[in-house]
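Thanks for sending this one over. Below are my notes as numbered points, meant to be read beside the structure.

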Amino acid sequence: MADWTTADYHRYKDQVVSAYGWLCHLCRKPIDPAMKGKQGLSLDHVLPRSQGGQNTIENLRPSHLLCNSRRGDRPIEEYLLTEQDKTDWFFGLPN
Ligand SMILES: [Zn+2]
């Protein structure tokens, strides 16, 4: 399986955002298009690449970089059940 690269991100991000909007599928909060870094946009693989997930629009969703890295390679169902209620504090910090 090929690595997921910055070039892949740029290749897919416009399509993914136009398909799903600027909304993090992990924490369900909006993603600010102007934001960079941990609260900026990343593309999360619904089925992780390590488990055979492909680089397709169907398998990619917008997410905050922070949420994406917190999830890692865990199954999406497990992440949503165990972590979704704990993410609020990340967004309550002063800038
Ligand atoms: Zn998020």
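1. Let me start with the aromatic side chains. The model, which is a predicted one, holds one aromatic pair. Its members are Trp-4 and Tyr-12: the ring centres lie 5.9 Å apart and the planes meet at 25 degrees, so the pair counts as stacked. Since planes under 30 degrees apart are called stacked, the angle of 25 degrees settles the label. The two partners differ in cover, as Trp-4 is partly exposed at 22% relative accessible area, while Tyr-12 is buried at 9%. The cut-off for buried is under 20%, so please keep in mind that Trp-4, at 22%, is partly exposed.

2. Now the overall layout. Three helices and two strands make up the secondary structure, and along the sequence they come in the order α-β-β-α-α. Of the 95 residues in the protein, 35% are buried. The exposed surface comes to about 5,800 Å², with carbon and sulfur atoms supplying 53% of it.

3. How much of the contact network joins residues at least 24 apart? Taking contacts between residues at least 6 apart in sequence, the share is 62%. Two pairs illustrate separation in sequence set against distance in space. Leu-26 and Asn-68 are 42 residues apart in sequence, with their C-alpha atoms 7.6 Å apart. For Arg-49 and Asp-3, the separation is 46 residues in sequence and the C-alpha distance is 8.6 Å.

4. The zinc site deserves a careful look. Which atoms coordinate the zinc ion? They are SG of Cys-24, SG of Cys-27, ND1 of His-64 and SG of Cys-67, at 2.1 to 2.4 Å. Around the ion, the four donor atoms subtend angles of 101 to 118 degrees, and this makes the arrangement tetrahedral. The test asks for all angles to lie between 85 and 135 degrees, and the range of 101 to 118 degrees meets it.

5. In sequence, the donor residues follow the spacing C-x2-C-x36-H-x2-C. Cys-27 sits in the loop between helix H1 (6-20) and strand S1 (41-45), whereas His-64 belongs to strand S2 (residues 60-64), so this pair ties together parts that are 37 residues apart in sequence. Both of these donors are covered: Cys-27 is buried at 7% relative accessibility, and His-64 is buried at 2%.

6. The loop between H1 and S1 has two further residues to check. Leu-26 lies there and is buried, its relative accessible area being 0%. Arg-28 is placed in that loop too, and its phi is near 65 degrees, a positive value in a residue other than glycine. I would be glad if you mentioned Arg-28 and its positive phi in the text.

7. On to the strands. S1 and S2 pair in the antiparallel sense, over five bridges. Within this pairing, Leu-43 has Pro-62 of S2 as its bridge partner. Are the residues of S1 mostly covered or mostly open? Five of the five residues in S1 are buried, so the strand is mostly covered. S2 is mostly covered as well, with four of its five residues buried.

8. The two sides of S1 can be told apart by residue. Leu-41, Leu-43 and His-45 point one way, Ser-42 and Asp-44 point the other way, and all are buried. As background, side chains in a regular strand alternate between the two faces of the sheet.

9. Ser-63 is a good place to see how these parts meet. This residue is found in strand S2 and is buried at 0% relative accessibility. Leaving aside neighbours within four places in sequence, what does Ser-63 contact? Its partners include Cys-24, His-25, Leu-26 and Ile-31, and also Gly-40, Leu-41, Ser-42, Leu-43, Asp-44 and Asn-68. Among them, Cys-24 is one of the residues that coordinate the zinc ion, and Leu-41, Ser-42, Leu-43 and Asp-44 are residues of S1.

10. A last small point concerns the loop between S1 and S2, where Arg-49 is found. Arg-49 is partly exposed, with a relative accessible area of 30%. When you show this loop in a figure, Asp-3 could be labelled too, given its C-alpha distance of 8.6 Å from Arg-49.

Notes
Residues are numbered from 1 along each chain as its sequence is written. This is a predicted model: local features need pLDDT of at least 70, side-chain atom pairs count only at pLDDT 80 or more; totals for chains, interfaces and linings use all residues. Side-chain values use heavy atoms; hydrogens and water are left out. Buried means under 20% relative accessible area, exposed over 50%, partly exposed in between (1.4 Å probe, protein chains only). Contact means heavy atoms within 4.5 Å. Accessible areas come from the Shrake-Rupley method with a 1.4 Å probe; for residues, only the protein chains shown count as cover. Donors are N, O and S atoms within 2.8 Å of the metal (3.2 Å for Na, K and Ca); water is not among the atoms, so sites may look incomplete. Four donors count as tetrahedral if all angles lie between 85 and 135 degrees; four count as square planar and six as octahedral if opposite donors are over 155 degrees apart and all others between 65 and 115; anything else is irregular. Two strands pair if DSSP finds at least two bridges between them. Rings of Phe, Tyr and Trp (its six-membered ring) pair if their centres lie within 6.5 Å; planes under 30 degrees apart count as stacked, over 60 as edge-to-face and the rest as tilted.
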